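Hi everyone, thanks for coming. Let's walk through the strands of this one together, so please have a look at the screen.

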Amino acid sequence: MKKADVFVISALVAICIAFLFLFYGTNEGTYAEIYINNQKQDTVFLNKNIKKTYESENGGKNTVVVKNKKVYVNFANCKDGVCIKSGKKHKKGEIIVCAPHRFLVEVH
Ligand SMILES: [Zn+2]
């Protein structure tokens, strides 16, 4: 391998790392979609603080809060409370699931 080749390869690797960094750097979500029973109920924007309660068919309730560009469930009447324990989400692709209510929040 010539010295020039090593240089080119190093440069390519550096560019790849830079792209990866850029990709992850812009991984912040801008909005979240709320689903119940695989049906889209709502879209909430992470730059706007809200507090909203969603009710599923079986009487299940989940209160979704958006605060400081993060979305979370702060109240739910499900038995396991997994959705509340999931905590705050703000990255694209992150989800909060409440299985007993078939309730889902997905960050985009
Ligand atoms: Zn739950």
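Four strands make up an open sheet, in the order β2-β1-β7-β6, with antiparallel pairing. By strands I mean DSSP runs of E, at least two residues, numbered from the N terminus, and two of them pair if DSSP finds at least two bridges between them. The edges are β2 (39-45) and β6 (95-98), each of which pairs on one side only. Ignoring direction, neighbouring strands here are turned by 15 degrees against each other on average; the axes are lines fitted to C-alpha atoms, and angles run from 0 to 180 degrees between N-to-C directions.

Before I go on: this is a predicted model, where local features need pLDDT of at least 70, side-chain atom pairs count only at pLDDT 80 or more, and totals for chains, interfaces and linings use all residues. Residues are numbered from 1 along each chain as its sequence is written.

Back to β1, residues 31-36: five bridges join it to the antiparallel β7, residues 103-107, and I36 sits opposite F103.

Now to β4, residues 61-67. Which of its side chains are buried? N62, V64 and V66 are, on one face, while K61, T63, V65 and K67 point to the other and are not. Buried means 20 or more other C-beta atoms within 10 Å of the residue's own, with C-beta atoms placed from the backbone.

Six bridges tie β4 to antiparallel β3 (50-55), with E55 partnering K61. Their hairpin has five residues between the strands, and G59 in the turn has a positive phi of about 85 degrees. Six bridges also join β4 to β5 (70-76), again antiparallel, and V66 faces V71 there. In that hairpin, two residues lie between the strands, and N68 takes a positive phi near 50 degrees.

Definitions and conventions:
A residue is buried if 20 or more other C-beta atoms lie within 10 Å of its own, exposed if 12 or fewer, and partly exposed in between; C-beta atoms are placed from the backbone.
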